[in-house]
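Reader: I should like to learn how to read a model of two chains. Might we take the features one at a time?

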Amino acid sequence: MMARLREASGEGLLGLAARCAVIVAVACVVAVGVNAARLGGLPLLPGEVPCPGVSRVLWGRFDHAEPKEARRLWQEASAAFVDARPHEEYIFNHIPGAVNLPYRKFSSSFAENESLLAPTGVVVIYGDGKPCGDHLRVAKLLAERGFTKIKLLDGGYPAWEAGGYPVQGGHARGETGVAP
Amino acid sequence: MTARETLAPQVASPAPEAEPESDSTGVPAGDGLRRSASWWLNLALRVGIAAVFLWAAVDKIAHPDRFADIITDYRILPACLVNPFAVVLPWVEIAVGLCLLLGLWLPASSLLATGMTVMFMIAITWALAQGYADLHCGCFTTSQEGRGEAWGLLWRDGILLAACAWLFWRTWRRPVCPAGSLR
């Protein structure tokens, strides 16, 4: 009995590892194939898209706006501004007139503010300045809801504030602005 | 004592060292209540674990971008590995779930299920250690409403781990496979 156990265990460990490898390999092949076939497939090679979780197609649909251009849009009132930061940070300081859509409470926030945003209009989204931060995730969620003219504010709120542009909130360091 | 009672043991006595055969559940196919209870327990575990992994994979496959965001939030993997992991992991869950459901390669599939559950628990523990108590584990849904309390997630995964490890032990500890088995 012990001899049979030793024999079987010796062969079985290799067989077990091989079968695990086969299951994972089959899953990898199917996963890569399905991902390549779907329109919104994620890029698997590093460097194709600078942020994880964004398809090439979607990334190509997002524009970028320097703070100066965003300031022009704000002055002309030709774009809606969306603040993707948590509500506490929005209360602390934000671009005047911006709608707060925190990523973690997106569904409820969007339902409350949907009437303020036109899917066909230009929407400038900003976050806390991280290049792959919550503003990008909110942009994805808005794109899913039919928004087509999305601009990501480069540098986020810190870049806007550093440019000396109007801000609004309980702790505004710059000019206290009025919603356009 | 009648002549019939005297002769009965000699006719009906089984071979003392006979090895019971194994079926796809990895449980010896004997007779009586013991076989029945073990067989049903293993079948329930197999189907239950398979359902968990298949269910967990569906929404991740539908929304790989959201799942990638959730993986990013754990801050464990480097950015270049997030997308490949988000794309492949749900299909490994599907493969393992199907193997368990169909009774194919049970030791290997239950070992992979055990390994994945350990991986999930390590990730949640890591998130807890970093102070992310309000965690989106990405377990069954990628929507933002799917957040859960991290300790509760650990308990749930602990139960799943116990079931996976038990199934692996039950299917792996028997050294001899019957001919033709896909074990």
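Reader: What percentage of the 180 residues of chain A count as buried?

Author: The model is predicted. A residue is called buried if 20 or more other C-beta atoms lie within 10 Å of its own. In chain A, 31% of the 180 residues count as buried.

Reader: Which pattern does chain A follow along the sequence?

Author: Chain A holds 7 helices and 5 strands, and their order along the sequence is α-α-β-α-β-α-β-α-β-α-β-α. Of the contacts in chain A with a separation of 6 or more, 61% join residues 24 or more positions apart.

Reader: How many residues of chain B are in contact with chain A?

Author: The size of an interface is often given as the accessible area lost when the parts come together. Here one may count residues instead: 29 residues of chain B are in contact with 30 residues of chain A. On the chain B side, α3 (64-74), α4 (79-102) and α5 (106-129) each supply at least two residues. The largest share, 14 residues, comes from α4(B). By class, this side of chain B has 22 nonpolar, 4 polar and 3 charged residues.

Reader: Which elements of chain B have the lowest and the highest mean pLDDT?

Author: pLDDT expresses the predictor's confidence in each residue, from 0 to 100. Helix α1 (residues 3-12) of chain B has the lowest mean, 41, and α4(B) the highest, 96. Over residues 1-22 of chain B, pLDDT stays under 50, as it does over residues 175-183 of chain B. For chain B the mean is 78, with 70% of residues at 70 or more.

Reader: What ipTM does the predictor give the complex?

Author: The ipTM is 0.78, alongside a pTM of 0.77.

Key:
Residues numbered from 1 in each chain as written. Chains lettered and ligands numbered in written order. Predicted model: local features only at pLDDT ≥ 70, side-chain atom pairs only at ≥ 80, totals over all residues. Contact = placed C-beta atoms within 7 Å. Helix = DSSP H or I, 4+ residues; strand = E, 2+ residues; numbered from the N terminus. Nonpolar A, V, L, I, M, F, W, Y, C, P; charged D, E, K, R; others polar. Buried ≥ 20, exposed ≤ 12 C-beta atoms within 10 Å, placed from the backbone.
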